[in-house]
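Reader: I should like to go through the terms used for this model and ask what each of them rests on. Please set the values against the cut-offs.

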Amino acid sequence: MDPTASWPLPDTGLRDELVAAYSSERGYHDLRHLAEVLARIEELHEAGESFDRLPVVLAAWFHDGVYDGAAGDEARSAAWAQEALTAAGLDATEVAEVVRLVRLTEQHRPDPGDRNGEVLSDADLAILAADQDRYDEYAADVRREYSHVPDADFRLGRAAVLEDLAAKPSLFHTAHARTQWESAARTNLARELAALRA
């Protein structure tokens, strides 16, 4: 999957900087993840979900632009978006929306009616509804990102993240995602949590 066709601005130099960032040594949050998020945004669009494509697509590109597994990745990614998109001449209102959306991916809890936030959050979490083989790859890649963390500590931390997600009334916010992805995602979460607690 090549995400570059989804780049929405004339400045391909910035696109290439982002591609390089996602191509660096990572576990899950790599170029494949970016391509999958962009593909899910397109799926939501084709399903009739209403949202502002430019800021949502740009936020997808930037949301893991900075990723080293440390606290504040989203804030640093948002700062990069602010600086780079302002320098690229994007309208200040659009820049502010991209920055807001990037920050939103830290918790994936958009306010009701925040259509842009709902679409980006759902696209970012769509991996939870992947088929079993892809989900298992995702879980293994997340573990690889935290290879410096001892197994017992990782299990506790990962379980806490998944339990927090599972406690949401719905994992997804858009009608299409709730209909198409919710059940499979719940099954995957339950299966991974059982393995972590074993």
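Reader: What makes the charged end of Arg143 count as sitting over the ring of Phe154?

Author: In this predicted model, the charged end of Arg143 is 4.4 Å from the centre of the Phe154 ring. A charge counts as sitting over a ring if CZ of Arg is within 6 Å of the ring centre and within 35 degrees of the ring normal, so the distance meets the first condition. The charged end of Arg143 is assigned a place over the ring, and that term requires the second condition as well.

Reader: Why does Phe154 count as buried or exposed?

Author: Phe154 has a relative accessibility of 10%. Buried means under 20%, so Phe154 counts as buried.

Reader: How many aromatic pairs does a search of the whole structure find, and why is the pair of Tyr146 and Phe154 called tilted?

Author: The search finds 6 aromatic pairs. In the pair of Tyr146 and Phe154, the centres are 6.3 Å apart and the planes make an angle of 40°. Rings pair if their centres lie within 6.5 Å, and tilted is the term for planes that are neither under 30 degrees nor over 60 degrees apart, so this pair is tilted. Tyr146 itself, at 25% relative accessibility, is partly exposed because this value lies between the limits of 20% and 50%.

Reader: What makes the pair of Phe172 and Trp181 edge-to-face?

Author: The centres of the rings of Phe172 and Trp181 are 5.5 Å apart, with the planes at 75°. Planes over 60 degrees apart count as edge-to-face, so the pair receives that name. Phe172 counts as buried at 1% relative accessibility, and Trp181 counts as buried at 7%. A further group, formed by Tyr28, Tyr135 and Tyr138, is one aromatic cluster.

Reader: Why is helix H1 called oblique to helix H3?

Author: Helix H1 (residues 12-22) and helix H3 (residues 53-62) pack at about 40°, and their axes are 10 Å apart. Roughly parallel requires an angle under 35 degrees and roughly perpendicular one of 65 to 115 degrees; the angle here fits neither, so H1 is oblique to H3.

Reader: Which residues meet in this contact, and how do they divide into nonpolar, polar and charged?

Author: From H1, Leu14, Arg15, Leu18, Val19 and Tyr22 meet Ala60, Trp61 and Phe62 of H3. They divide into 7 nonpolar, no polar and 1 charged. Arg counts as charged, so Arg15 is the charged residue.

Reader: How do you know whether Trp7 is buried or exposed?

Author: Trp7, in the segment before H1, has a relative accessibility of 9%; this is under 20%, so Trp7 counts as buried. Setting aside neighbours within four places in sequence, Trp7 is in contact with Thr12, Leu14, Arg15, Leu18, Leu58 and Trp61.

Reader: What is noted about the phi of His108, and why does His108 count as buried or exposed?

Author: His108, in the loop between helix H5 (92-104) and helix H6 (115-125), has a positive phi of about 55° although it is not a glycine. Most residues other than glycine have a negative phi. With a relative accessible area of 11%, which is under 20%, His108 is buried.

Reader: What makes His173 buried or exposed?

Author: His173 lies in the loop between helix H8 (151-166) and helix H9 (175-180). Its relative accessibility is 17%, under the limit of 20%, so His173 counts as buried. Beyond neighbours within four places in sequence, the contacts of His173 include His108, Pro110 and Glu118.

Methods:
Residues are numbered from 1 along each chain as its sequence is written. This is a predicted model: local features need pLDDT of at least 70, side-chain atom pairs count only at pLDDT 80 or more; totals for chains, interfaces and linings use all residues. Side-chain values use heavy atoms; hydrogens and water are left out. Buried means under 20% relative accessible area, exposed over 50%, partly exposed in between (1.4 Å probe, protein chains only). Axes are lines fitted to C-alpha atoms, for helices over the stretch in contact, and angles run from 0 to 180 degrees between N-to-C directions. Helices (H or I, at least four residues) and strands (E, at least two) are DSSP runs, numbered from the N terminus. Angles under 35 degrees count as roughly parallel, over 145 as roughly antiparallel, 65 to 115 as roughly perpendicular and the rest as oblique. Contact means heavy atoms within 4.5 Å.
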